[in-house]
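Me: Please take a close look at one part of this model and then follow it outwards, explaining each term where it first appears. I am in my first year, so a slow and connected account would help.

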Amino acid sequence: MYNRKDYVSDHEWTRFLDFSKDLETPNIVINLNTIKMNFVKLKNSFPYAKIFYAIKANPGEPVLKMLAEMGSSFDIASRYELDMIKKFVDDPSRLSYGNTIKKSKDIKYFYDNGVRLFATDSKDDLKNIAEYAPGSKVYVRILVENSDTADWPLSRKFGCHPDMAYDLLVLAKELGLNPWGISFHVGSQQRDIGAWNDAIAKAKYLFNSLEEEEEIRLQMIDMGGGFPASYIETTNDLSVYASEITRFLTEDFGDDLPEIILEPGRSLVGDSGILTSEVILAARKNNTALTRWIYIDAGKFNGLVETLDECIKYPLITTKDGDKEGEVIIAGPTCDSMDVMYETTKYRLPITLKQGDKIYWLSTGAYTSTYASVAFNGFPPIKTYYM
């Protein structure tokens, strides 16, 4: 069904097979060199931007250490991620508390550790920042309504209407904070580049109105993530995203660009991972069924949560590729009827697949190794290795 060479070169595939051949399944192998190349490509594509890697995408220590050494800054979602990155970053100016949902004690913890850049989208959170992180820079996240064109939308829960963002930044100044900028996220795995144009236009409106009416001069736009990894559905190359987004920024701001922050996650680490699973059972539900059920030892609760609602469609290859294929439903190992990865999406796999055969899930470097249950049905979190 898939041409492996579209995702993994012969050399890297040979390296992966040699590295993983004796590892118990399920497992994920992360290729650090792929992340390194993706970081360099992103930096070269947006030379005017600062990169704040979204730790949640893959918080593996080898990943964090390498990116820190390459000069990346980091977007942090919790005090636990802060403790992770403190091992590799001494300068707190390279850190941002990007989660708009946070406890007062956690705000204080970040402040006590030198972090001075905080996201917000609500009045009560802003007041907590003023009390527990006085004088800090704050940026307000705005809603992006068109994020439903992303494979993994991020609207509704995060962000506020631009009118509220205006009020929050005025209040930030009154509370003694530094109203620093605007942030948005167009949705993860966003294939509509125009989504950035709409969001940048809203940011420009806020920049202008706040300066003209309130004498507040904003300094920064945090454009979040959204750049794609290589899944089944095709996307534009990063160079196309970079060219168009740079054009959008220039049309609105001219040569006087504010500080631009990018928070890549999936686009840096997604293509770096291969998840190896083993077929537990191949079965039919009745004697005349044309579609087989393929049960594997990985599922929504241990590595593949982003198959929820079949949002992310991973490329799959098997040890029986080349044999005649038939439609399948692919499900995980747990005693939960929700643990079905693909049923509506018509995957076709070799009809010779049987117990013990392997299915390789490509582009599984993001939101797999830690986005899982601790021990549902007793199954442990999926093991991750780095090469």
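Reply: Let us begin where helix H8 (residues 194–214) meets helix H9 (residues 238–253): their axes come within 10 Å and cross at roughly 25°. Helices (H or I, at least four residues) and strands (E, at least two) are DSSP runs, numbered from the N terminus, while axes are lines fitted to C-alpha atoms, for helices over the stretch in contact, with angles running from 0 to 180 degrees between N-to-C directions. The crossing angle makes H8 roughly parallel to H9, since angles under 35 degrees count as roughly parallel, over 145 as roughly antiparallel, 65 to 115 as roughly perpendicular and the rest as oblique.

Before going on, please keep in mind that this is a predicted model, in which local features need pLDDT of at least 70 and side-chain atom pairs count only at pLDDT 80 or more, whereas totals for chains, interfaces and linings use all residues. Residues are numbered from 1 along each chain as its sequence is written, and side-chain values use heavy atoms, with hydrogens and water left out.

The crossing of H8 and H9 is right-handed, meaning that the near helix is turned clockwise from the far one by less than a right angle, whereas an anticlockwise turn would be left-handed. From H8, the residues that make the contact (heavy atoms within 4.5 Å) are Trp196, Asn197, Ile200, Ala201, Lys204 and Phe207, and from H9 they are Tyr241, Ile245, Phe248, Leu249, Asp252 and Phe253. An α-helix has 3.6 residues a turn, so residues three or four places apart point the same way. Sorted by class, the contact of H8 with H9 holds nine nonpolar, one polar and two charged residues; here Ala, Val, Leu, Ile, Met, Phe, Trp, Tyr, Cys and Pro count as nonpolar, Asp, Glu, Lys and Arg as charged, and the others, Gly among them, as polar.

Two of these contact residues, Trp196 and Ile245, appear again in the largest nonpolar core, where, out of 107 residues, Trp196, Ile245 and Trp361 touch the most other members. Such a core is a set of buried Ala, Val, Leu, Ile, Met, Phe, Trp, Tyr and Cys residues joined through side-chain atoms within 4.5 Å, and buried means under 20% relative accessible area, exposed over 50%, and partly exposed in between (1.4 Å probe, protein chains only). H8 gives the most to this core, with eight residues. If we leave aside its neighbours within four places in sequence, tryptophan 196 is in contact with Phe184, Val186, Gln190, Met223, Gly225, Gly226, Phe227, Tyr241, Ile245 and Phe248. Apart from the largest core lies another, of seven residues, among them Leu117, Ala119, Tyr139 and Ile261.

Now follow the chain past H8, into the loop between H8 and strand E10 (220–222), where glutamate 215 lies. Phi of glutamate 215 is near 55°, a positive value in a residue other than glycine, and glutamate 215 is exposed, with a relative accessible area of 69%. A second case is aspartate 309, in the loop between strand E13 (292–296) and strand E14 (316–318), which has a positive phi of about 60° although it is not a glycine. Aspartate 309 is exposed too, with a relative accessible area of 68%.
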